[in-house]
Amino acid sequence: MQSYKICGGKMLSGKIRVEGSKNALLPIIAASILVKDIVELENVTPLEDTYSMIDILRLLNVRVIYDHKSKMIIDSRNLVNKRISSEYTSKLRASYYFMGALLALYKSVKVGKPGGCDFSTRPIDLHLFAFENLGFDVVEEKNFYKFKKEREPKKIIEFSKVSVGATVNAILASVLNKGTTILKNVAMEPEIDDLIDFLNKCGSKIKREDNKIIVEGVYNLFGCKYKIMDDRIEAETYVVIGALLGRNLEIICDCKKYMKEFLLLMNKVGAHVKETSCGVIVNATKEIKEQSLIFNVYPGLPTDIQPVLTILFTKSKGESVFEDNVYPDRFSQVDELVSMGYNLHLVDKKLLIRRNNAYLDSVVSCKDLRGGMSLIVAAILSNKTTCIKNCEYISRGYYDVINKLKRVGAHIEKI
Ligand code: UD1
C-alpha cells in the first residue's frame, strides 16, 4: 500500500511537463497487433497499465522493446491467437481493447473480463452490441467472454449511448472488414482520433464526420512510427493546482486544442491562466466565481477532471453545483474531502460545493484514480497535514506525480 504525507499551503512555481496520454496509448497498443508488423511508438508513459498491456502483448507472442521512458517498439509479426485469461485482463479496464483487435483477425476468440477503477458500475453491453453487429456470437462465462464469427457483419452500427471504449472496439473490430462499416452516435474524444490517425498511418481508411465514423475496410496494414498525444486530463489537473497555488507555474503540454471547454471555464471563473507557445502559465487566484457545471461527453467538460475541479470551487464565495452526466455517481471522494474539512454535500446526485471555514489534520484513503488525485489537490491546498492511503490508484494515471509536485515546491513524502 502506497501512502503519502502532505503538508499543504505552499505556493508552487517552476515547470511541470505533461506526459503522453494513457487513454490514447492503451487502444493504440492493442491496435498495434492488427498490423502484424513493426510499430514504433513515442511519448509512451510508463504507467502500470502500460506494463499490463505489454504483458498481454507478450502472451500473444508479440515482441516488445520499451525504454521505460518514452519509446516502445512492438513487433507483432509472430502474433498468435491465444486465450487471454482474466489473470491478465482483470488488471485494467483497457484490456478489453484486445477483444476488438483479436476479432478483426480471428473467427474465434476468448478474452477474460476487464478490471479497472470501480468508481461506478461500468457495463460493457455497448461493446458486445458492436461485436454482435459485426457478426459474432458472444457467450459470457464466469471470468471470460467467448466470441465466435457466425454471420456477415452489418454495414451500419448505431449506438444507443455514446461510449469511448465501445467506439474504439468497434473501430478495431471493423478495420479489416470487407467493404464499408458506418458507426453512428460514436464518441468524439480526441483520444479516439489519435487512434484513427495511428491506424490511418498504418494504411487503414477511417474517416470521422462529427459523431459518425466511416471505416472503409482494407486487406492489411503495415507498421509505422507514431507519437502519442499529450494527456489533456493531466494538463488540466496541473492547471487547477496552479489556479489554487501557482506562482508562475508553467504547464508544458501540446494538447491545449483539446482543452477548449476547460480553458474557457478557467477564463470565465477568473483563474489566471495565460496561454504560451508551449503550454500555459498559471497563477493562483484569490477568488473563483461560483458555477453550476454539468460534466459531459467531449467536447463538453470531461468527467475525468470533475473530482479535481471540485477543489477549485471551494475558493468561491457562493455555492457551486456539479452534476456528472457521464458517471452520475462519480463522487467517491466526497466523504474523504469532508473529513479534511471541505464543505461538500451530495444531494440527489448533485454535488454542492461551499467555501470551508477551516481545514483539518486528517488520514484519508483513495478509492479510485481521479478521486484520489482530488485528495492530493485538496491536501496541498490545505494548511494542515494530510496522510493519504491507497495512493497506488493515483499512480495508475499520473506518472511521477510526487516528484513533479515536489520539484515545484510542494511538501510531499512517501510514507
Ligand atoms: C473512457 C476513459 C475514462 C473516462 C470515460 C468517459 C479510457 C481508457 N477511459 O472510459 O477515463 O472517464 O471514457 O470519458 O479511455 N457505458 C455503458 N455500456 C457500455 C459502455 C459504457 O452503459 O458498454 C456507459 C458508462 O457506464 C458511462 C458511459 O457509458 O456511463 C460512458 O462510458 P465510456 O465512454 O464507455 O467510458 P470508458 O470508455 O469506460
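These are my notebook entries on the ligand site and a few backbone details of this structure.

**Entry 1: the model.** A reminder to myself before I start: I am looking at a predicted model.

**Entry 2: who surrounds the ligand?** I started with the shell, and I asked how many residues surround the ligand. I found 21 of them. The closest are Asp 125, Ser 163, Val 164, Asp 304 and Val 326. I then sorted the shell by class and got 8 nonpolar, 6 polar and 7 charged residues.

**Entry 3: where does the shell come from?** Next I looked up which helices each supply at least two residues of the shell. They are α5, covering 125–133, and α6, covering 164–174. The largest share comes from α5, with 3 residues. Asp 125, listed among the closest residues, falls at the start of the α5 range. Val 164, also among the closest, opens the α6 range. I checked the domains too: domain 1 (4–19 + 231–414) and domain 2 (22–227) each give at least three residues to the shell.

**Entry 4: backbone atoms facing ligand oxygens.** I went through the backbone N or O atoms by residue. For Val 164, such an atom lies 2.7 Å from an oxygen atom of the ligand. For Gly 165, the distance to a ligand oxygen is 2.8 Å. For Pro 123, I noted 3.2 Å, again from a backbone N or O atom to an oxygen atom of the ligand. I also looked up how much of the ligand is covered: on its own the ligand has 740 Å² of accessible area, and the protein covers 89% of that.

**Entry 5: the pocket.** Which pocket does the ligand take up? I found that its space is the largest pocket.

**Entry 6: backbone oddities.** I left the ligand here and turned to the backbone. As background for myself, most peptide bonds are trans, and most residues other than glycine have a negative phi. Here is what I jotted down against that.

- The peptide bond from Tyr 298 to Pro 299 is cis, and its omega is near 10°. I located Pro 299 in the loop between β17 (292–295) and α10 (306–312).
- Asn 248 has a positive phi, near 55°. I placed Asn 248 in strand β14, residues 246–252.
- Lys 349 also has a positive phi, near 65°. I traced Lys 349 to the loop between β19 (343–347) and β20 (350–354).

Note on methods:
Residues are numbered from 1 along each chain as its sequence is written. This is a predicted model: local features need pLDDT of at least 70, side-chain atom pairs count only at pLDDT 80 or more; totals for chains, interfaces and linings use all residues. Side-chain values use heavy atoms; hydrogens and water are left out. A residue is near a molecule or strand if one of its heavy atoms lies within 4 Å of it. A polar contact is a pair of N or O atoms within 3.5 Å; within protein, one must be able to donate a hydrogen and the other to accept it, and residues adjacent in sequence count only if both atoms are side-chain atoms. Accessible areas come from the Shrake-Rupley method with a 1.4 Å probe; for residues, only the protein chains shown count as cover. On a 1 Å grid over the protein atoms alone, a cavity is a set of points where a 1.4 Å probe fits but cannot get out, and a pocket is an open set with protein on both sides within 12 Å along at least five of seven lines; lining residues have an atom within 4 Å of a point. A molecule sits in a cavity or pocket if more than half of its atoms lie within 2 Å of its grid points. Helices (H or I, at least four residues) and strands (E, at least two) are DSSP runs, numbered from the N terminus. Ala, Val, Leu, Ile, Met, Phe, Trp, Tyr, Cys and Pro count as nonpolar, Asp, Glu, Lys and Arg as charged, and the others, Gly among them, as polar. Domain bounds come from an automatic or database domain assignment.
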